[in-house]
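Reader: I am new to protein structures and would like to learn how to read one. Could you walk me through a few features?
Author: Gladly, let us look together.

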Amino acid sequence: IITTNIFSDSVLLDTYSLGKLDVQFITKRNRTYVKSLEDSMINVDGQLNKHTFNLTVDLDYLTIPIVNEVKPVELKFYGSYQQPNITFNLLDFDIDVYGYTIEQIVATMNASNQLVNISDAVALLDNGQTLSFSGDYNFGKQLLHLKQRNVGKPLFNSKKEVSAMETVIDLQFLDEQWKLNLTADIEGNKAKVLNVDIDSYKVRLNKVDQLFDIEIDALEFDGQKISGSLSTSSGSLATAKLSLESVQISQIGLLFPHIYKMDLSGIATGDIHFSNNKNGYDYQGQVDVNDFDTIYGQLGDMSLNFTYKDGVLDILSLRLSEIHDAHMVGTYTNDDNFNVQFFDSSYIRLDAFDFFTKRKLFGGVNLVGEFSKTEQGFIYDGYVESEQLEFDSNQFDYFFADFDISSDQIVIKNSRFLLETGELNVKGYVDNVVTNDIPFQSLDYDLDIIFNQVGLANFLQIYQSYQNIHKDRLQKNI
């Protein structure tokens, strides 16, 4: 009987350290029995014969490339010394890939010189399907090459299914890190992308190092559909060309999270192009949105043709319907720098916007003119007309005003107010009370007012409403 102990602080597999090895060899009658000792991080058990051998190696902790998770691995080496067979078994892999859990990976291989030939590598999914591959590992190039052979059937009661798949995988150790290249055509039912449950999908993936291109033939979920293409670079979205069909805007925010700050909601159909460059985000698109809501108010149904470049939103055409009936163009940089021009006597419901409801203005108005804001304040040049205007329960049977609003002044060129009891005509100028909080007694004005059977009670009621609203807004800081 010959007993030999071998100890190493670190055993390398190619360039990867497997950990400490402490193993004992016991030779009896031309047979050597191998077993690991208590301090060994690599568990070895088996037998060495004159021409053949059989060894089982258990690794409790092996870091898996790309996913960077530590998993237990079982390796079996058997056959001849010149061309050994190898079985590689990831027993508890449990890695989620787009809603499918890869539970286990088993590979059968044989080694010769600098090459490991992989005759069969099988990934077992949580729905019972198997993905089979063949390929090789080249030790000289440190390159794993796999080509998919087939896709197995899922369990009979599983709703998840990869119905078709063709994949080629290259995993290579370069520049002190593992780099993954792959191409894949995948089609199936039930998946999860960005935490969204997908009903059906048909996509083509192409990954080269840090560049990842995705061609979307169809992606359907909860009655919504997306097609097109997108590219990422180092994990960040670089470009996208997407066609949307009845897609919730909140879902679009999963790809473009910077739009969340605008608190948008609605259902979008149309085309969006996106690019991410050194100057920021660029967009262009044509979309129809139903039930469109923003942090400023309700816009109803919207048809929008736009570009967004260098931080400026250029509204080429915007049409509103349902709640409003408006057509406009303009530019928007931020809340303090924008310009909007109304066409075709656009109709706007005031009570759809917080700005007006806080000032107790309700009803609808027809607008033609230009509305903007700069560092100097709000500016409006045009006219307003309404047959349903209400100011804090004060009803106007008809209202018309042709006026200019600057940052500090309102110039009224012509106006007409029809009340229940009479008519009021006003010309002149007054401090800007629309955007500035000015007490009535502090107003600077020069007005020509013509009363035609207007009841004094009506006039006093309007004056009292303004005073109360001004006081309430100051107290609430709105």
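Author: Keep in mind that this is a predicted model. To begin with sheets, two strands count as paired if DSSP finds at least two bridges between them.

Reader: Which order do the strands of the open sheet of 3 strands have?

Author: A general idea helps here: strands of a sheet pair through backbone hydrogen bonds, either parallel or antiparallel. In this open sheet of 3 strands, the order is β25-β28-β29 and the pairing is antiparallel. The edge strands, β25 (361–362) and β29 (394–396), each pair on one side only.

Reader: Over how many bridges do β28 and β29 pair?

Author: Strand β28, residues 389–391, pairs with β29 over 3 bridges, in the antiparallel sense. For one bridge you can find yourself, look at phenylalanine 391: its partner in β29 is asparagine 394.

Reader: Now the inside of the protein. Which residues have the most contacts inside the largest nonpolar core?

Author: A nonpolar core is a set of buried nonpolar residues joined through side-chain atoms within 4.5 Å. The largest one here has 107 residues, and those with the most contacts inside it include Val44, Ile186, Tyr201 and Phe256. Strand β5 (residues 52–64) gives the most to this core, with 6 residues.

Reader: What does tyrosine 201 touch?

Author: Leaving aside residues up to four places away in sequence, tyrosine 201 touches several residues, among them Tyr100, Val162, Ile186 and Leu219.

Reader: And serine 200, where is that found?

Author: Serine 200 is found in strand β15, residues 196–208. With the same kind of count, serine 200 touches Gly188, Asn189, Lys190, Ala218, Leu219 and Glu220. Leucine 91 makes a useful exercise in distance: serine 200 and leucine 91 are 109 residues apart in sequence and 29 Å apart in space, C-alpha to C-alpha.

Reader: Why does serine 200 count as partly exposed?

Author: Buried means under 20% relative accessible area and exposed means over 50%, with partly exposed in between. Serine 200 has 22% relative accessibility, so it counts as partly exposed.

Reader: Which residues make the nonpolar surface patch?

Author: Ile449, Phe451, Leu456, Phe459 and Leu460 make this patch of about 470 Å². Two or more of its residues come from each of β33 (445–452) and α3 (456–476), and α3 gives the most, with 3 residues.

Reader: How can I place leucine 460 in that picture?

Author: Leucine 460 is found in helix α3. Its relative accessible area is 45%, so leucine 460 is partly exposed.

Note on methods. Residues numbered from 1 in each chain as written. Predicted model: local features only at pLDDT ≥ 70, side-chain atom pairs only at ≥ 80, totals over all residues. Heavy atoms only, no water. Helix = DSSP H or I, 4+ residues; strand = E, 2+ residues; numbered from the N terminus. Buried < 20%, exposed > 50% of the residue type's maximum accessible area, 1.4 Å probe, protein only. Contact = heavy atoms within 4.5 Å. Patch = residues over 30% accessible without salt bridge, like charges linked within 9 Å, V, L, I, M, F, W, Y side chains within 5 Å. Areas by Shrake-Rupley, 256 points an atom, 1.4 Å probe, with all protein chains shown as cover. Salt bridge = Lys/Arg side-chain N within 4 Å of Asp/Glu carboxyl O.
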